[in-house]
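Please open the model in your viewer and keep the selection panel at hand. The tour proceeds by selections, each followed by a description of what is found there.

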Amino acid sequence: MKSKILFIIIGLSSLTLNAANNASNIDAKKANAIAEGGRIYDKWWKELKLEKPASTHPSYPAVGKKQGAASWRCKECHGWDYKGDKGAYNKGSHKTGIKGIRNAVNMSDKEIVAILKNKIHGYDKVMPDAALAQLANFVKNGQVDIARYLNKKTLHVNGNKKHGESFFNKNCKECHGSDGRKINFKAPLNTEYLGTVATENPVETIHKLRNGNPAAFMNGKPMPNMNKILNLEEQIDLLTFLQTLPVK
Ligand code: HEC
Ligand code: HEC
């Protein structure tokens, strides 16, 4: 009798375990594909190992302050918050007056790819079709809006710092160090640490922690994409902790 019950319990628990594993595998695969598109959105030539553009993008407006390769990044015209002139880039050195891509979540992948090939963009001339499809997947499925968590004045987010700290210890500390200063992003001439970016540019930090950083490796391991591990609220918890790290 006892062994029969045990048998049923083992049978049931392995069933549920299998179901959970399958679900997380499918999600991880989807999340990885979206994150790849997110890294292309960030800096496509680095992620795809293509030649860095030498001239300024023909559609980059004269009022903008950028030149050369920087003007070819999706984020330079549409922003880390994807809101273009309605978001963080409505002022300062990244201002272009170009609209965001928030509405494109309602377009089909085909329509988005057609936009990337149009006269304004011309990305079919610099990257393969597979990369355009990955970008469309990101534009459609990878955008988030953190406005409801963000204090617009202080740029602080108000999540659960304790939870964030444990996510940090598990997923980031190994490479960035316990105070976020093991990697200096502006070395050797300047200093910019994890705490600096998280405090000054929360929307950039969310984009990078969700999708990973283009071609960023340490000891042969890539920076992981948290979109397959943490939900948005947990990502905000992580960002809340990152904003407590030293900025210099
Ligand atoms: C040099 C500036 C510039 C860059 C870089 C740029 N775009 Fe655009 N993008 C524009 C302009 C201008 C529009 C058209 C806005 C309009 O119709 O008024 C646009 C429109 C879009 C739209 C349609 C938005 C809508 O709601 O109609 C999408 C989607 C888009 N871009 C995606 C991207 C992606 C992905 C990248 C990177 C591969 C990118 N763009 C790079 C300037 C740029
Ligand atoms: C396997 C090592 C590794 C892990 C783990 C890792 N990163 Fe990174 N990260 C890097 C490398 C390498 C860079 C790029 C440094 C450079 O280009 O100067 C980077 C860059 C970044 C940047 C970009 C900063 C900038 O302005 O360019 C952010 C933000 C960041 N990481 C956040 C995180 C967070 C948050 C975690 C944990 C969820 C994490 N990273 C985990 C290796 C890692």
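How are H5 and H9 oriented to each other? This is a predicted model, and the tour begins with these two helices. Select residues 161–171 for helix H5 and residues 232–242 for helix H9. Their axes come within 7 Å and cross at roughly 90°. Angles of 65 to 115 degrees count as roughly perpendicular, and H5 and H9 are therefore roughly perpendicular to each other.

Next, display the side chains where the two helices meet. On the H5 side, select Lys161, His163, Gly164, Glu165, Phe167 and Phe168. Their counterparts in H9 are Glu234, Asp237, Leu238, Thr240, Phe241 and Leu242. The residues of this contact comprise five nonpolar, three polar and four charged.

Now move to ligand 1 and centre the view on its iron atom. Select His78 and His121: the NE2 atom of each coordinates the iron, at 2.0 Å. The site has six donor atoms, with angles of 89 to 179° among them, and is octahedral. Colouring by secondary structure shows where the pair comes from: histidine 78 belongs to helix H2 (residues 74–78), whereas histidine 121 is in the loop between helix H3 (109–116) and helix H4 (129–141), so the two residues tie together parts that are 43 residues apart in sequence. Histidine 78 and histidine 121 are both buried.

Proceed to ligand 2. Here the iron atom is coordinated by NE2 of His176 and SD of Met223, at 2.0 to 2.3 Å. Six donor atoms surround this iron atom and subtend angles of 84 to 179°, which makes the arrangement octahedral. Histidine 176 lies in helix H6 (residues 173–176) and methionine 223 in the loop between strand E2 (221–222) and H9, so this pair ties together parts that are 47 residues apart in sequence.

Which of the terms buried and partly exposed applies to histidine 176, and which to methionine 223? Histidine 176 has 10% relative accessibility and therefore counts as buried, the cut-off being under 20%. Methionine 223, at 27% relative accessibility, counts as partly exposed.

For the final stop, select proline 58, in the loop between helix H1 (2–47) and H2. With a relative accessible area of 71%, proline 58 is exposed. Add lysine 119 to the selection and draw a distance between the two C-alpha atoms: proline 58 and lysine 119 are 9.6 Å apart in space, although 61 residues apart in sequence.

Key:
Residues numbered from 1 in each chain as written. Chains lettered and ligands numbered in written order. Predicted model: local features only at pLDDT ≥ 70, side-chain atom pairs only at ≥ 80, totals over all residues. Heavy atoms only, no water. Axes fitted to C-alpha atoms, helices over the stretch in contact; angles between N-to-C directions. Helix = DSSP H or I, 4+ residues; strand = E, 2+ residues; numbered from the N terminus. Parallel < 35°, antiparallel > 145°, perpendicular 65-115°, else oblique. Contact = heavy atoms within 4.5 Å. Nonpolar A, V, L, I, M, F, W, Y, C, P; charged D, E, K, R; others polar. Donors = N, O, S within 2.8 Å, 3.2 Å for Na, K, Ca; no water. Tetrahedral: all angles 85-135°; square planar, octahedral: opposite > 155°, others 65-115°. Buried < 20%, exposed > 50% of the residue type's maximum accessible area, 1.4 Å probe, protein only.
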